[in-house]
Amino acid sequence: MTELDIIHTESRIKQVKAIIADFRKNSTDATRADDEEAIQELAIPELRKAEARLAELKGKHERFEKFLTNLAK
């Protein structure tokens with residue numbers, strides 16, 4: 001299950017980064033300030049949350065793999 005969660009979270013990170021890039025690419029002079037504010041208030045916190053979740057999942061996965069390796073000895 002953890003591997004699937006890692007894949008899903010990595011996908012979420014890519015998705016949020018793509019949304020940020022599209023927002024910035026499609027900004028006009030008139031909307032740039034509002035777009036950046038939306039990115040900072042909505043997208044960046046979501047990205048940080050997903051990155052923290054990924055780090056947590058990878059840590060759990062590594063500990064579990066280590067546990068299984070030790071059982072096999």
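Analyst: A residue counts as buried when its relative accessible area is under 20%, as exposed when that area is over 50%, and as partly exposed in between. The model discussed here is predicted.

User: What percentage of the residues in the chain is buried?
Analyst: The cut-off for burial is a relative accessible area under 20%. Counted over the 73 residues of the chain, the buried share is 22%.

User: How many helices and how many strands are there in the chain?
Analyst: Helix α1 covers residues 2–26, and helix α2 covers 32–72. The full count for the chain is 2 helices and 0 strands.

User: What is the radius of gyration of the chain, set against that of a compact globule of 73 residues?
Analyst: The C-alpha atoms fill a box of roughly 65 × 15 × 15 Å along the principal axes. A compact globule of 73 residues would have a radius of gyration near 11 Å. For this chain the value is 18 Å.

User: Among contacts with a separation of 6 or more, what share comes from residues 24 or more positions apart?
Analyst: A contact requires heavy atoms within 4.5 Å. An example across the two helices is Thr 9 of α1, which touches Ala 50, Arg 53, Leu 54 and Leu 57. Over the chain, the share from residues 24 or more positions apart is 74%.

User: Which helix supplies the largest share of the largest nonpolar core?
Analyst: This core has 11 residues, among them Ile 6, Ile 13, Ile 39 and Leu 57. Both α1 and α2 supply at least two of its residues. The largest share, 7 residues, comes from α2.

User: Which residues does Ile 39 contact, leaving aside its neighbours within four places in sequence?
Analyst: Ile 39 belongs to the largest nonpolar core. One of its contacts, Ile 20, is also in that core. With sequence neighbours set aside, the list is Ile 20, Phe 23, Arg 24, Ile 44 and Pro 45.

User: Is Thr 9 buried or exposed?
Analyst: Thr 9 is in helix α1. Its relative accessible area is 8%. Because the limit for burial is under 20%, Thr 9 is buried.

User: Is His 8 buried or exposed?
Analyst: His 8 is in helix α1. Its relative accessible area is 57%. Because values over 50% fall in the exposed class, His 8 is exposed.

User: How far apart in space are His 8 and Arg 32, C-alpha to C-alpha?
Analyst: In sequence, His 8 and Arg 32 are 24 residues apart. In space, their C-alpha distance is 30 Å.

User: What is the relative accessibility of Glu 46, and which class does that give?
Analyst: Glu 46 lies in helix α2. Leaving out residues up to four places away in sequence, it touches Arg 12 and Val 16. Its relative accessibility is 24%, so it counts as partly exposed.

User: What is the relative accessible area of Leu 42?
Analyst: Leu 42 lies in helix α2. It is classed as exposed, for which the value must be over 50%. The relative accessible area of Leu 42 is 63%.

User: What separates the C-alpha atoms of Leu 42 and Lys 60?
Analyst: The two residues are 18 residues apart along the chain. Their C-alpha atoms are separated by 27 Å.

User: How far apart are Asp 34 and Gln 15 in space?
Analyst: Asp 34 lies in helix α2 and is exposed, with a relative accessible area of 53%. Asp 34 and Gln 15 are 19 residues apart in sequence. From C-alpha to C-alpha, the distance is 21 Å.

User: How far apart are the mean positions of the positive and negative charges?
Analyst: The chain has 14 positive and 15 negative charges. The distance between their mean positions is 7 Å.

Definitions and conventions. Residues are numbered from 1 along each chain as its sequence is written. This is a predicted model: local features need pLDDT of at least 70, side-chain atom pairs count only at pLDDT 80 or more; totals for chains, interfaces and linings use all residues. Side-chain values use heavy atoms; hydrogens and water are left out. Helices (H or I, at least four residues) and strands (E, at least two) are DSSP runs, numbered from the N terminus. Buried means under 20% relative accessible area, exposed over 50%, partly exposed in between (1.4 Å probe, protein chains only). A nonpolar core is a set of buried Ala, Val, Leu, Ile, Met, Phe, Trp, Tyr and Cys residues joined through side-chain atoms within 4.5 Å. The radius of gyration is taken over C-alpha atoms; the globule rule is 2.2 Å times the number of residues to the power 0.38. Lys and Arg count as positive and Asp and Glu as negative; His and the chain ends are not counted. The place of a charge is taken as NZ of Lys, CZ of Arg, CG of Asp or CD of Glu.
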